[in-house]
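Reader: I'm new to looking at protein structures, and I'd like a close look at just one part of this one. Could you take me through the salt bridges and whatever sits around them?

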Amino acid sequence: MDRVYVCSCFGITEQQVKQHADGGACTPRQIASACKAGTDCGSCVRRIQAILGRGACPRREMADRGQPVLAELEDAA
């Protein structure tokens, strides 16, 4: 299995970003909170945005109300 790294600073793969998105992360900032991707050099932020797409976020209402929206994930490394 080939690993496609999105964030080389922290070794975060595309699969890990997708798992965090499936767990409720709707924005690059939420991805950063979940796994640090995008918080060092920032070169991966556009790729993270592309992975997240522009679709509706099923948990945006929860986030807007200040409720936790990210699922706990095991390290997928």
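Author: Here is a walk through the salt bridges, followed by the helix packing beside them. Keep in mind that this is a predicted model.

The structure has two salt bridges, and glutamate 14 is a good place to start. Its side chain meets that of lysine 18 in a salt bridge, 3.1 Å from N to O. Both of these residues belong to helix H1, and they're four residues apart, which is about one turn of the helix. Glutamate 14 also forms a salt bridge with arginine 47, and here the closest N and O atoms are 2.4 Å apart. This pair ties together distant parts of the chain: glutamate 14 is in helix H1, arginine 47 is in helix H3 (residues 45-52), and 33 residues separate them. Since the salt bridges share partners, Glu14, Lys18 and Arg47 end up joined in one network.

How open are these three? Glutamate 14 has 17% relative accessibility, so it counts as buried, the cut-off being under 20%. Lysine 18, at 36%, counts as partly exposed, and arginine 47 is partly exposed too, with a relative accessible area of 38%.

Now for the other thing helix H1 does. H1 (residues 14-22) packs with helix H2 (residues 28-35) at an angle of about 110 degrees, and their axes are 10 Å apart. That angle makes H1 roughly perpendicular to H2, because 65 to 115 degrees counts as roughly perpendicular. On the H1 side, the contact is made by Val17, His20 and Ala21; on the H2 side, by Ile31, Ala34 and Cys35. Sort the residues of this contact by type and you get five nonpolar, one polar and no charged.

Note on methods. Residues numbered from 1 in each chain as written. Predicted model: local features only at pLDDT ≥ 70, side-chain atom pairs only at ≥ 80, totals over all residues. Heavy atoms only, no water. Axes fitted to C-alpha atoms, helices over the stretch in contact; angles between N-to-C directions. Helix = DSSP H or I, 4+ residues; strand = E, 2+ residues; numbered from the N terminus. Parallel < 35°, antiparallel > 145°, perpendicular 65-115°, else oblique. Contact = heavy atoms within 4.5 Å. Nonpolar A, V, L, I, M, F, W, Y, C, P; charged D, E, K, R; others polar. Salt bridge = Lys/Arg side-chain N within 4 Å of Asp/Glu carboxyl O. Buried < 20%, exposed > 50% of the residue type's maximum accessible area, 1.4 Å probe, protein only.
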